[in-house]
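Work through the following exercises with the sequence and the model at hand, and attempt each task before reading its solution.

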Amino acid sequence: MSDYEIALLGDEFFMREAISQARAAECLGEVPVGAIVVRSGEIVGRGFNSPIGESDPTAHAEIAALRDAARTLGNYRLPGCELFVTLEPCAMCAGAIMHARIARVVYGARDPKTGVHGSVVDLFGVERLNHHTSIVGGVLADECATLLTGFFAERRRKSS
């Protein structure tokens with residue numbers, strides 16, 4: 001097995017952990033997005049969307065996972081850490097990711113409405129910014145997207 005295949009298997013393993021966080025959000029009636037932070041192969045932070053329940057527009061999965069990891073590691077900077085998230089980050093989350101000095105982001109589904117890794121804009125590619133994060137998109141994309149489309153289809157069904 002090549003190094004690339006080994007890395008992909010690791011990415012899929014951790015993305016499945018992020019998907020389990022997304023399912024937790026869905027159980028609470030939140031948009032099913034989940035995230036985890038990993039350092040040296042160990043999960044150090046977990047989070048899922050909760051802006052409705054917390055009445056907090058910043059309560060995105062990435063922010064929750066970054067906060068949890070920062071508490072776990074005792075540092076607001078998270079160098080050497082990777083963030084796995086089921087949906088392409090938005091501008092707010094991208095800013096937090098860069099400020100936390102996350103080394104690598106792995107996401108599942110693209111977000112054509114608010115995604116900032118090329119779907120709408122590419123904030124991660126702006127050369128003038130002082131921190132650059134490596135990005136991998138599309139890991140278990142179909143499974144991540146199905147969670148979201150199913151959630152919104154059910155919401156539409158209930159409202160009609």
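Two exercises follow, one on a helix and one on aromatic rings.

The model is predicted, so local features need pLDDT of at least 70 and side-chain atom pairs count only at pLDDT 80 or more, whereas totals for chains, interfaces and linings use all residues. Residues are numbered from 1 along each chain as its sequence is written, and side-chain values use heavy atoms, with hydrogens and water left out.

**Exercise 1.** Compare the expected span of helix H3 with the distance between its end C-alpha atoms.

*Solution.* Helices are DSSP runs of H or I with at least four residues, and strands are runs of E with at least two, numbered from the N terminus. The expected span is 1.5 Å times one less than the number of residues, so the 13 residues of H3 (residues 61–73) should span 18 Å, which agrees with the 18 Å between the end C-alpha atoms. After H3 comes Gly-74, with a positive phi near 70°.

**Exercise 2.** Classify the ring pair Phe-14 and Phe-84 as stacked, tilted or edge-to-face.

*Solution.* Rings of Phe, Tyr and Trp (its six-membered ring) pair if their centres lie within 6.5 Å; planes under 30 degrees apart count as stacked, over 60 as edge-to-face and the rest as tilted. The centres of Phe-14 and Phe-84 are 5.3 Å apart and their planes are at 40°, so the pair is tilted. Phe-14 lies in helix H1 (residues 3–27) and Phe-84 in strand S3, 70 residues apart. Phe-13, Phe-14 and Phe-84 form one aromatic cluster.
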